[in-house]
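This report presents one protein model to a reader who is beginning the study of structure. Please examine the sequence and the model before reading on.

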Amino acid sequence: MAKALSPVTVTLVQQKSALKVANYQVDEVPTSLRVLQQKPAVSVPPLTGGVRVVTAAEYKEAAACLAEAFAEDDVARYFIDVPDREHWTPEEKWALHVDILEYVTYAHILKGLVTTIGDFEAVALWMPPGQNMDDTWTVLRSGMWRLQYKLSAEGKRRFFNEFLPLLHDTKHAALGERDDNSWYLVYIGTRPSGRGKGHCRKLMEHVTKQADKEGLACYLESSNEANPPIYRKFGFQDVRTIHLQRADRNVILDIMIREPATPEKK
Ligand SMILES: CC(C)(COP(=O)(O)OP(=O)(O)OC[C@H]1O[C@@H](n2cnc3c(N)ncnc32)[C@H](O)[C@@H]1OP(=O)(O)O)[C@@H](O)C(=O)NCCC(=O)NCCS
């Protein structure tokens with residue numbers, strides 16, 4: 001799990017949110033503007049096996065699936081279970097968890113590729129080659145800017161000062177010049193009730209087959225030690241581990257890259 005949002009964006013978010021907050025409804029991600037009727041920003045790999053693309057109108061359902069899948073994920077909780085939010089109720093923390101996933105899902109609908117299978121039993125957020133959600137318009141449209149006031153002071157330090165720069169720098173170091181020419185699996189999650197039915201495999205192979213055709217690598221960060229063995233089945237290999245260090249115990253992320261099955265590289 002990770003974010004295709006570079007540290008550079010943080011500055012933009014801070015500046016622009018201060019300037020433009022008044023133009024938007026605070027509690028709603030806008031869904032009615034014309035841009036949502038435009039074609040997706042990316043060309044979608046052929047849809048097979050019941051995989052389909054999530055539309056802007058469905059962002060809440062997709063985010064709800066991810067919220068459930070990542071309910072106990074150490075990284076997802078890292079920004080919420082913070083000392084300066086100890087007084088929050090579980091319900092307040094859950095609402096923030098859902099909010100964050102709604103913003104991230106919406107940003108990927110705008111700039112990336114969001115896929116699902118079944119009745120939102122599993123959802124994947126991809127950032128295709130050359131795409132990112134750094135631009136101010138996407139940060140504003142998706143609601144990501146709201147993290148500036150929804151996260152606590154410590155939550156913001158963890159998210160903006162530690163997490164985003166670490167992920168950005170690690171991805172760049174691991175992929176080198178391919179950083180802008182690879183598929184980035186930002187999130188994949190299957191609801192507990194839908195697990196073990198091949199949903200993750202179908203969502204994964206939907207893109208990895210395309211990446212093979214294109215001769216491109218796929219990149220992910222795994223936030224759960226149970227997952228690398230699953231991802232190795234799809235051809236991902238361990239590259240390195242990184243640590244988030246501001247909590248009582250470190251949170252470990254496994255960095256994995258899948259090389260294309262075909263040798264021809266672009
Ligand atoms: C990881 C996750 C997405 C897998 O989803 P899933 O839909 O259950 O996976 P699939 O049914 O497609 O299984 C894919 C492969 O992994 C294997 N697998 C799945 N869960 C497994 C487990 N707990 N232990 C061992 N192998 C497992 C399956 O056997 C299958 O292999 P096969 O196709 O060779 O038989 C799901 O467990 C999940 O959402 N976990 C919580 C959120 C999370 O950690 N997401 C990833 C963050 S990086």
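The text below treats the model as a whole, then its sheet, its helices and finally the surroundings of the ligand.

**The model as a whole**

The structure is a predicted model. Its average pLDDT is 86, and 83% of the residues score at least 70. Over residues 7-39, by contrast, the pLDDT is below 50, although this stretch has 34 contacts in the model beyond near neighbours in sequence. Where pLDDT is low, the predicted coordinates should not be read in detail.

The protein contains nine helices and seven strands. Of its 266 residues, 41% are buried. Among contacts between residues at least 6 apart in sequence, 79% join residues that are at least 24 apart.

**The sheet**

Strands of a sheet pair through backbone hydrogen bonds, either parallel or antiparallel. In this protein, seven strands form an open sheet with mixed pairing, in the order β1-β2-β3-β4-β5-β7-β6. The edge strands are β1 (52-53) and β6 (236-244), each of which pairs on one side only. The table lists four of the pairings, with an example of residues that stand opposite each other.

| Strand pair | Sense | Bridges | Example of partners |
|---|---|---|---|
| β1 and β2 | antiparallel | two bridges | V53 and T115 |
| β2 and β3 | antiparallel | five bridges | I117 and A122 |
| β3 and β4 | antiparallel | six bridges | W126 and L185 |
| β6 and β7 | antiparallel | eight bridges | Q237 and I257 |

A further pair of bridge partners is T116 and V123, the latter in β3.

**Two enclosed strands**

Why is β2 described as largely enclosed by the rest of the structure? The reason is that five of its five residues are buried. In a regular strand the side chains alternate between the two faces of the sheet. The residues of β2 illustrate two directions: L113, T115 and I117 point one way, whereas V114 and T116 point the other way, and all are buried.

β3 is likewise mostly covered, with six of its six residues buried. On one side of β3 lie A122, A124 and W126, and on the other lie V123, L125 and M127; both faces are covered.

**The turn between β2 and β3**

The hairpin of β2 and β3 has four residues between the strands, and G118 takes a positive phi near 65° there. D119 is also found in the loop between these two strands. Is D119 buried or exposed? D119 counts as exposed because it has 9 C-beta neighbours inside 10 Å, and a residue is exposed if it has 12 or fewer. D119 and A62 are 57 residues apart in sequence, yet their C-alpha atoms are 9.4 Å apart in space.

**Helices on the sheet**

A62 is one of the buried residues of helix α2 (residues 59-69); the others are Y59, A63, C65, L66, A67 and A69. An α-helix has 3.6 residues a turn, so residues three or four places apart point the same way. The buried residues of α2 are covered by elements that include α4 (90-111), β2 (113-117), β3 (122-127) and β4 (183-190). α2 packs on the sheet, where it touches β2, β3 and β4, and its direction makes about 75° with that of β4.

Another helix, α8, lies across β2, β3, β4, β5 (218-222) and β7, and runs at about 165° to β4.

**The surroundings of the ligand**

Which residues come nearest to the ligand? Of the 23 residues around the ligand, these are T190, R195, H199, C200 and R201. By class, the shell has nine nonpolar, nine polar and five charged residues. Several elements contribute to this shell: β4, α8 (199-214) and α9 (228-233) each supply at least two residues. Thus β4, a strand of the sheet, and α8, a helix that lies across β4, both take part in the surroundings of the ligand.

Note on methods. Residues are numbered from 1 along each chain as its sequence is written. This is a predicted model: local features need pLDDT of at least 70, side-chain atom pairs count only at pLDDT 80 or more; totals for chains, interfaces and linings use all residues. A residue is buried if 20 or more other C-beta atoms lie within 10 Å of its own, exposed if 12 or fewer, and partly exposed in between; C-beta atoms are placed from the backbone. Two residues are in contact if their C-beta atoms, placed from the backbone, lie within 7 Å. A residue is near a molecule or strand if its C-beta atom, placed from the backbone, lies within 6 Å of it. Ala, Val, Leu, Ile, Met, Phe, Trp, Tyr, Cys and Pro count as nonpolar, Asp, Glu, Lys and Arg as charged, and the others, Gly among them, as polar. pLDDT is the predictor's confidence in each residue, from 0 to 100. Two strands pair if DSSP finds at least two bridges between them. Axes are lines fitted to C-alpha atoms, for helices over the stretch in contact, and angles run from 0 to 180 degrees between N-to-C directions.
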